[in-house]
Structure formats: structure tokens, C-alpha cells
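User: I have a model open and want the reasoning behind its labels. Can you take me through them?

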Amino acid sequence: MKRQSRASQLRGIRQHFYRQVVDAQADQPLRVLAYSLVPSPRARPDEDWGTLQAEADQLGYAIAARLHDVAVPVTTTYFPASSASQGVYTPPWDRPGWREAERQLRAGLADGVLVLDRHNISSDDDQYHAVIEHLGEHCRAFLHLVISEEPVAPT
């Protein structure tokens, strides 16, 4: 139940920043950065690009740029029932593609970021929340997910 309410809370925050951008926007299409996190250096984001382009077309978004990073696993220490554990991959702010996305957003080259799902940003609720807040408050941008936040099943 707690995971479901957290997913709803995160979705609500994300939607809040989306509404702020839409309300400030003239009658122009929203410009988004398509962002993908690929599992290895040999993997290509082509399949993600197709899905992201289809979503953009359906919603009337214009894709301003396509950016991606390679998922680099991080060494974490996991303590059950502790917030000391971290996400599985390098935090977004430590990824070159994500840093470029933020640079373009701050420069006004796009209004938001379009990703397949939240795990392209972070599986860690606190990191993911921090990214949504940072985009909305410091970049005046939104995050759009093709697949909305879902509670993670217990493992």
C-alpha cells in the first residue's frame, strides 16, 4: 500500500510540473528531449526512439533532440528496511547524456524530457523525486513517461 501511494504521489508531482509548463506555453507544440538509458555500450536506443517518437506524435510533442546514456551499475550497500540503499545504476546527474539534457532545458531549447519509464531516470524513489523537482523548479521543465509510475512488486 505504501509503494502504491508513493507512486501516486510521484505521478502527481510530475503532473503538477507538466501543468505549469503547459499553462506558461503559448499555442506552440511542446518541445521535448527524448532520453533513453541503454543496458550496455553495445546496445542501441533505436527501439526506444521508435516508441518515444510514436508517443511524441500522438501527443503533438516536437522532439528537439535525442539523448542517451549507458546504464552503469553502481556498487551499493543494502541494509534491509533502510534508505541507505541506492538505485541500481549511476544517478542521472552523474550521466553525460542526462547532464546535456539539463543543459538544453536550462538554455530553453526544450520544455521537457520524454522517457519510456521512470527506470530510465532512477528506480530509487528519492532520486527519481529529486529529478522531477529539479526539472520543474530549476529547469522549468516537465518529465513525461510513456509508461506511468507503477508500484514495484516485492521481490
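**Strand 4 and its sheet**

Analyst: Start with one bridge: V113 has L143 as its bridge partner in strand 4. Another joins G112 to F142 of strand 4. Keep in mind that this is a predicted model.

User: What makes strand 3 and strand 4 a pair?

Analyst: Strand 3 covers residues 112-115, and 4 bridges link it to strand 4 in the parallel sense. Two strands pair if there are at least two bridges between them. With 4 bridges, strand 3 and strand 4 therefore count as a pair.

User: What is the strand order of the sheet?

Analyst: The order is 2-1-3-4, in an open sheet of 4 strands with parallel pairing.

User: Why are strand 2 and strand 4 said to stand at the edges?

Analyst: Strand 2 (62-70) and strand 4 (142-145) each have a single partner strand, so one side of each has no neighbour in the sheet. On average, neighbouring strands here are turned by 25 degrees against each other, direction ignored.

User: Which helices lie against these strands?

Analyst: Helix 2 (residues 46-59) packs on the sheet and touches strand 1 (31-38), strand 2, strand 3 and strand 4. The direction of helix 2 makes about 155 degrees with that of strand 2. Helix 3 (residues 96-106) lies across strand 1, strand 2 and strand 3. Helix 3 runs at about 155 degrees to strand 2.

User: What pattern does the whole chain follow?

Analyst: Along the sequence, the pattern is α-β-α-β-α-β-α-β. That comes with 4 helices and 4 strands.

**Buried and exposed**

User: How do you know that V115 is buried?

Analyst: V115 has a relative accessible area of 0%. Buried means under 20%. The value falls under that cut-off, so V115 is buried.

User: What is in contact with V115, leaving aside its neighbours within four places in sequence?

Analyst: V115, in strand 3, is then in contact with Y35, L52, N120, I121, L143, H144, L145 and V146. V115 and L37 are 78 residues apart along the chain, and their C-alpha atoms are separated by 8.9 Å.

User: How do you know that both faces of strand 4 are covered?

Analyst: Look at the two sides. F142 and H144 on one side are buried, and L143 and L145 on the other are buried too.

User: Why is R140 called exposed?

Analyst: The relative accessible area of R140 is 60%. Exposed means over 50%. R140 is over that cut-off, so the label is exposed. R140 sits in the loop between helix 4 (125-138) and strand 4.

User: What is noted about the phi of R140?

Analyst: R140 has a positive phi of about 50 degrees, although it is not a glycine. Most residues other than glycine have a negative phi.

User: How much of the chain counts as buried?

Analyst: Of the 155 residues, 41% count as buried. As for contacts between residues at least 6 apart in sequence, 75% join residues at least 24 apart.

**Cavities**

User: How many cavities of 30 Å³ or more does a search of the whole structure find?

Analyst: The search finds 2. The largest has about 50 Å³ of space.

User: What lines the largest cavity?

Analyst: The lining has 13 residues, with Y89, R95, I121, S122 and S123 nearest the centre. That lining divides into 6 nonpolar, 6 polar and 1 charged.

Key
Residues are numbered from 1 along each chain as its sequence is written. This is a predicted model: local features need pLDDT of at least 70, side-chain atom pairs count only at pLDDT 80 or more; totals for chains, interfaces and linings use all residues. Side-chain values use heavy atoms; hydrogens and water are left out. Helices (H or I, at least four residues) and strands (E, at least two) are DSSP runs, numbered from the N terminus. Axes are lines fitted to C-alpha atoms, for helices over the stretch in contact, and angles run from 0 to 180 degrees between N-to-C directions. Contact means heavy atoms within 4.5 Å. Buried means under 20% relative accessible area, exposed over 50%, partly exposed in between (1.4 Å probe, protein chains only). On a 1 Å grid over the protein atoms alone, a cavity is a set of points where a 1.4 Å probe fits but cannot get out, and a pocket is an open set with protein on both sides within 12 Å along at least five of seven lines; lining residues have an atom within 4 Å of a point. Grid points are joined across faces, edges and corners, and a volume is the space filled by probe spheres set on the points. Ala, Val, Leu, Ile, Met, Phe, Trp, Tyr, Cys and Pro count as nonpolar, Asp, Glu, Lys and Arg as charged, and the others, Gly among them, as polar.
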